[in-house]
Amino acid sequence: RLSPDCNVEGGNAYCFLPLPVRTKLPIHVNGYFELSSNRRDVWWGDDMAGDGKARAEWNKSIVQDIAGPSYVRLVEAAIRNN
């Protein structure tokens, strides 16, 4: 249970296994992210072209269209049920 006293720096990102990436949310996010071959980097950035751009857009979509709205719904449900 989170409270105003809770000191959470952010959760971890997962793609089935933990990634060396921190989220800025106080929860862990597990998604089917496009990763580099060594699993150390998530494809990200607006300066890519071709396949890299498509991978980065996929990851951006996971965060903006799924993880973000899901977190908002979670907080709203917690407020309603408190």
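**Reading a predicted β-β-β-α model**

Analyst: Among the elements of the protein, strand S2 (residues 17-22) has the lowest mean pLDDT, 88, and strand S3 (residues 29-30) the highest, 92. pLDDT is the predictor's confidence in each residue, from 0 to 100. Helices (H or I, at least four residues) and strands (E, at least two) are DSSP runs numbered from the N terminus. This is a predicted model, in which local features need pLDDT of at least 70 and side-chain atom pairs count only at 80 or more, while totals for chains, interfaces and linings use all residues. Residues are numbered from 1 along each chain as its sequence is written, and side-chain values use heavy atoms, without hydrogens and water.

User: What is the mean pLDDT of the protein?

Analyst: The mean is 85, and 90% of the residues reach 70 or more.

User: How do I read the sheet, and what is the order of its strands?

Analyst: Strands of a sheet pair through backbone hydrogen bonds, either parallel or antiparallel. Two strands count as paired if DSSP finds at least two bridges between them. Here the open sheet of three strands runs S2-S1-S3, with mixed pairing. S2 and S3 are the edge strands, each pairing on one side only. S1 and S3 pair in the parallel sense over two bridges, and Ala13 stands opposite Val29 in S3.

User: Which rings form the aromatic pair, and how is it described?

Analyst: A pair of aromatic rings is described by the distance of the centres and the angle of the planes. Rings of Phe, Tyr and Trp (its six-membered ring) pair if their centres lie within 6.5 Å; planes under 30 degrees apart are stacked, over 60 edge-to-face, and the rest tilted. The structure holds one such pair. Phe16 and Tyr32 meet edge-to-face, 5.8 Å centre to centre with 70 degrees between the planes. Phe16 lies in the loop between S1 (12-15) and S2, and Tyr32 in the loop between S3 and helix H1 (50-80), 16 residues apart.

User: Is Phe16 buried or exposed?

Analyst: Buried means under 20% relative accessible area, exposed over 50%, and partly exposed in between (1.4 Å probe, protein chains only). Phe16 counts as exposed because its relative accessibility is 61%. Tyr32 is exposed too, at 55%.

User: Where does H1 kink?

Analyst: The bend at a residue is the angle between axes fitted to the seven residues ending there and the seven starting there. In H1 a kink of about 30 degrees lies at Ala67, shortly before the proline Pro69. The buried residues of H1 are Gly52, Ala56, Asn59, Ile62, Ala67 and Tyr71.
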